[in-house]
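Biologist: I would like to learn how salt bridges and cavities are read from a model. Could you take me through them one at a time?

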Amino acid sequence: MICYNCGSVLTNSDYCSHCGMDVSVYKRIVKLSNTYYNAGLTKAKNRDLAGAADTLRRSVKLNKRNIDARNLLGLVYFEMGETVQAFSEWVISTNIQPDNNPADKYLVVIQQDRSKVDELNHTIKKFNVALEYAQNGTDDMAIIQLKKVLNQNPNLIKASQLLCLLYMKNGQYERAKRTIKKSLKIDKCNPLSIGYLRELNVYMEDEKKNEPDKRMERRRGLRGILVDRPYLSGNDVIIPQNNFKEAITGAQSILHIIIGLLLGAALVYFIVTPARMSNITEQINEIQVEYDQKIAIKNSTISELQNQLDTLKEEDEKLRSDLAQYTDTDNTIASNYSYLLEAVNYYLDEDYDKSAKSLEKVDDTLEMNSEAFTNVFTTMSSQLSSQVAQSAYDAGMDAYTSADYEEAITQFLRCIRVDEDNDEAYYYLAHSYRNNGDETNALKYFQEIVDKFPNSDHYAFARNQVGDTEE
């Protein structure tokens with residue numbers, strides 16, 4: 001880990017050995033970002049792509065320079081079929097770290113096959129068209145478009161989920177189940193896919209409770225099968241029409257009946273029974289696969305939660321004592337931390353003006369009960385005080401010139417609060433009060449010039465103003 005201020009390698013101390021900067025908060029942020037990265041890596045290995053993407057987004061949000069987390073996030077997006085988001089993460093990664101970055105290899109490999117890139121981009125456009133069709137109620141056109149999308153990009157989870165939803169809407173539960181199961185092979189623990197599968201199981205269970213004839217008629221209707229003609233079962237007997245008559249004896253009649261019974265029994269044993277057994281075996285295998293998948297999902301969830309619990313226990317122990325010292329009912333303390341981290345990020349990007357503005361939002365009158373917070377705030381304030389004072393003075397002069405004396409008073413007060421030695425700010429602040437009709441405060445700040453700045457160019461004028469009042 002390197003110091004954000006000078007770039008030196010940090011030790012176990014809370015202060016940089018090279019520049020003396022307090023890095024305790026910075027270390028905690030980087031460690032938390034790495035914790036999220038490790039959790040995201042575990043989820044990605046378990047093919048929980050949606051969970052991995054969410055965890056890795058948190059990691060890069062805390063530390064945008066976490067190259068490993070950003071590159072892995074791009075790989076997860078690419079595996080989910082989100083090629084545009086994957087490219088965005090890799091491009092950002094190469095801009096942050098131009099040298100020795102694996103993201104360069106990913107981009108080169110993909111860009112070598114321009115036809116593949118164009119095809120992936122085209123699938124996104126087709127998905128948007130299908131989504132528009134679905135929103136307008138044109139389900140048939142949407143299903144056709146989504147099938148084309150999945151033929152070109154089978155890993156696009158969103159397309160599988162939308163296709164499943166359309167099948168469910170039209171009562172095609174078997175097709176919907178096959179579609180969502182394919183997506184679960186890519187992203188095993190996707191919450192939306194699991195939710196759809198759970199709903200499908202409920203629908204199909206309700207369907208099994210209906211009358212068999214009506215259920216078969218409904219399914220044949222969904223599949224476009226005509227149901228007007230009757231269907232023969234294995235026990236039905238087909239009697240051919242004979243155009244001739246033959247004289248048979250009683251013994252022959254009995255023999256024919258026995259032969260017919262034997263043939264019927266053989267038909268049942270060799271044709272009907274194996275078909276039924278095959279159907280039962282297929283149902284058993286399907287149920288077994290479904291239960292195996294549920295067990296795998298539960299095991300993955302348990303493992304993931306256990307890893308999160310072990311990882312966060314240490315952080316919980318560190319923060320428990322700090323959190324117990326106060327209650328932040330109006331989120332003021334949380335806002336102070338947020339503004340301070342925002343100021344630090346702008347400072348690291350060398351955007352000192354925005355950093356100073358973020359630091360001004362921190363309520364320094366609030367007791368934070370954190371030595372690390374106070375040290376970082378004090379250090380940042382001392383380094384940015386000149387920028388804050390100059391910015392406030394310039395804004396005050398602009399307002400004064402425009403005769404906006406209310407704004408001028410606000411800005412000059414902000415300037416002298418940071419820079420108490422700026423006699424120009426005191427001088428124009430007094431004039432702003434006077435022009436705004438507040439003679440009492442105007443004389444107050446003229447007196448400040450007399451008391452604090454005897455060598456000021458405005459001393460004589462200020463003394464005359466105060467002297468006239470005393471007489």
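Modeller: Let us begin with the salt bridge, which is counted when a side-chain nitrogen of Lys or Arg lies within 4 Å of a carboxyl oxygen of Asp or Glu. This is a predicted model, in which local features need pLDDT of at least 70 and side-chain atom pairs count only at pLDDT 80 or more, whereas totals for chains, interfaces and linings use all residues. Residues are numbered from 1 along each chain as its sequence is written, and side-chain values use heavy atoms, with hydrogens and water left out.

Biologist: How many salt bridges does the structure hold, and where do Glu79 and Arg47 lie?

Modeller: The structure holds eight salt bridges. One of them joins Glu79 to Arg47, with 2.9 Å between the closest N and O atoms. Helices here are DSSP runs of H or I with at least four residues, numbered from the N terminus; Glu79 belongs to helix H3 (residues 67–79), while Arg47 sits in the loop between helix H1 (24–45) and helix H2 (49–62), so that the pair links distant parts of the chain, 32 residues apart.

Biologist: Which residues does the salt bridge of Arg70 tie together, and are they buried or exposed?

Modeller: Burial is judged by relative accessible area, with buried meaning under 20%, exposed over 50% and partly exposed in between (1.4 Å probe, protein chains only). Arg70 meets Glu89 in a salt bridge of 2.9 Å, N to O, and because Arg70 lies in helix H3 and Glu89 in helix H4 (residues 83–96), the pair ties together parts that are 19 residues apart in sequence. Arg70 is buried at 7%, and Glu89 also counts as buried, at 13%. By contrast, Glu79 is partly exposed at 28%, as is Arg47 at 25%.

Biologist: How should a cavity be read, and which residues line the largest cavity?

Modeller: On a 1 Å grid over the protein atoms alone, a cavity is a set of points where a 1.4 Å probe fits but cannot get out, and lining residues have an atom within 4 Å of a point. Grid points are joined across faces, edges and corners, and the volume is the space filled by probe spheres set on the points. The count comes to one cavity of 30 Å³ or more, and the largest cavity holds about 60 Å³ of space. Its lining includes Ala39, Thr42, Lys43, Ser300 and Glu304. The elements giving two or more residues to this lining are H1 and helix H12 (250–324), and H12 gives the most, with four residues.

Methods: On a 1 Å grid over the protein atoms alone, a cavity is a set of points where a 1.4 Å probe fits but cannot get out, and a pocket is an open set with protein on both sides within 12 Å along at least five of seven lines; lining residues have an atom within 4 Å of a point.
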